[in-house]
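Student: Can we go through this model together? I'd like to start with overall dimensions.

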Amino acid sequence: MLGTLGKVLGMHQHHKTLPLWQVLACGAAIVTLSMGVRHGFGLWLQPITQAQDWTRENFAMAIAIQNLTWGFAGIFSGMLADRFGAFRVIVTCAVLYALGLVGMAYSSTPALFTATAGVLIGIAQAGTTYAVIYGVIGRNVSAAKRSWAMGVAAAAGSFGQFLMVPTEGYLISTFGWQEALVWLALSVMLVIPLAYGLREPGFGGGTAPHREQSILYALREAMAYRSFQLLMAGYFVCGFQVVFIGVHMPSYLKDHGLSPEVASIALALIGLFNVFGTYIAGSLGQRMAKRKILSFIYFSRSVAIVLFLLAPLTPMSVYIFSGVMGLLWLSTVPPTNAVVAQIFGVAHLSMLGGFVFFSHQIGSFMGVWLGGYLYDKTGSYDIVWYISIALGVFAALVNLPVKENAIARAPKAVAA
C-alpha cells in the first residue's frame with residue numbers, strides 16, 4: 001500500500017500539476033470577475049451617451065471593437081500563456097483591464113472611448129477569460145475530468161453575469177456612472193492575487209516545458225484539419241446568435257410594448273440558467289460524444305427561436321424562452337474546448353482555443369452589427385431572427401462529422 005502511494009506521489013512530483021480545487025477556485029473566480037464586469041457594459045449605454053452627448057452608435061462601435069479585439073488578441077495571449085505560463089498574462093491583462101475601465105470613465109471623445117473601452121479592455125479580456133484559464137485546466141486536469149472542469153469554469157462565468165450585473169446597476173445608482181467604473185477598476189485588481197493560484201510549476205524561470213511541436217507547426221496542423229474547421233464554423237454561429245440576442249433582445253421586447261423590466265429579468269434568467277447549462281454540458285462531455293452534444297445545442301436553439309416567434313409575445317413566453325436559451329447559451333464552450341484538447345493535446349491549447357474563439361467573436365460582431373443594420377433598413381428584427389434559425393441548423397449539421405479522437409501524427413512530424 002505504502003509502496004503504491006510512494007509511486008503515485010513520485011509520479012505526481014514528476015509531472016508537477018496544481019491541485020484540482022486550486023485550479024478551479026482561482027480560475028472560476030477570475031472568470032467570474034472578468035466576464036461579470038463585461039456583461040454589464042450595456043448598463044452604461046444611456047448614462048454615457050447622455051452625459052457626453054454622443055450617439056448610441058459611438059458607444060456600440062466601441063463595444064463591437066472590444067469584441068473583435070478580444071477575439072484577435074486571444075490568439076496571442078494564448079500563445080504567450082502556452083509559452084510563459086498563464087500567471088504573467090493574467091496579471092498584465094488585469095492591470096490593462098483596470099486602466100481601460102478608468103479610461104472609459106474619463107474619455108472626453110468617442111475616439112478615446114473606443115481606444116479604452118474598445119481596444120484596452122478587449123486586450124485585457126483576452127488574457128483574463130476562457131482561452132487562458134482553459135489552458136491551465138487542460139495542462140493540470142486529467143482528461144478524465146477535463147470536460148467537467150471546463151464546465152465548472154464556464155458556469156462560474158455565467159454566475160458572474162447573474163451576480164455582477166445587479167451589482168453594477170447598484171454602483172451606478174449609488175455613485176454615478178463615472179465613479180462606478182472606478183470601483184469596478186478596483187474590483188478587477190482582485191484578479192492579481194487570484195492569479196498566484198494559477199502559477200504552474202513547469203514554467204519556472206520563464207521557460208516553457210519542452211514541447212514536441214513549434215507554434216507554427218501546431219497551427220498549420222490544426223488549420224488543415226477538417227474537424228477543427230468544422231468546430232470553428234459552429235462557434236461562429238454561437239457568437240452570432242448569443243450576442244444578437246443579448247444586445248438586441250431588450251429593444252425587440254420594447255418595440256413590442258413590453259416593459260424594460262421584462263428585458264432585465266430575461267437577461268438575468270439567461271445568466272442563471274446558463275450556470276446549469278454549462279455545468280451539465282461539461283459533465284455530459286465526460287460520458288457522451290461531444291459532437292453530438294454540440295449538434296443538439298445548436299439545433300435546440302433554432303427550435304427555441306422558432307417557437308418563440310410563433311407564440312404570442314407575453315412576459316411569460318419571454319421568460320420561458322430566456323430559461324431555455326440560458327441552458328443552451330454558453331454550454332457550447334466546455335465541449336468545444338474539450339474536443340480541441342482531445343484532438344491536438346494540451347501543449348498549444350490556449351492558442352488553438354484562441355483561434356476557435358476568434359471565429360466566435362467574428363460571429364458576435366456580425367450578429368450585433370447585422371441586427372442594428374437590418375433593423376434600420378427594414379424596421380424590424382425578423383430577417384436576423386430567420387438568419388439565426390438557419391445558422392443554428394447549419395451548425396448542428398457541421399458538428400456531426402467532427403472526429404474527436406487524437407490526431408494521428410507521423411513520428412517524423414513530431415520531431416519537426
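Tutor: First a term: the radius of gyration is taken over C-alpha atoms, and the globule rule is 2.2 Å times the number of residues to the power 0.38. This is a predicted model, where local features need pLDDT of at least 70, side-chain atom pairs count only at pLDDT 80 or more, and totals for chains, interfaces and linings use all residues. Residues are numbered from 1 along each chain as its sequence is written, and side-chain values use heavy atoms, leaving out hydrogens and water.

Student: What radius of gyration does the protein have?

Tutor: The protein has 21 Å, which agrees with the value near 22 Å for a compact globule of 416 residues. Along the principal axes, the C-alpha atoms fill a box of roughly 70 × 45 × 40 Å.

Student: How many helices and strands?

Tutor: There are 19 helices and 0 strands, counted as DSSP runs numbered from the N terminus (helices H or I, at least four residues; strands E, at least two).

Student: What share of the residues is buried?

Tutor: Buried residues make up 53% of the 416; buried means under 20% relative accessible area with a 1.4 Å probe, protein chains only.

Student: And the largest nonpolar core, which residues have the most contacts inside it?

Tutor: Trp44, Leu101 and Phe228, in a core of 119 residues. Helix α12 (residues 226–255) gives the largest share of this core, 14 residues. Such a core is a set of buried Ala, Val, Leu, Ile, Met, Phe, Trp, Tyr and Cys residues joined through side-chain atoms within 4.5 Å.

Student: What does Trp44 touch?

Tutor: Leaving aside residues up to four places away in sequence, Trp44 touches Phe59, Glu168, Ile172, Trp177, Ala180, Leu181 and Leu184, a contact being heavy atoms within 4.5 Å.

Methods. Buried < 20%, exposed > 50% of the residue type's maximum accessible area, 1.4 Å probe, protein only.
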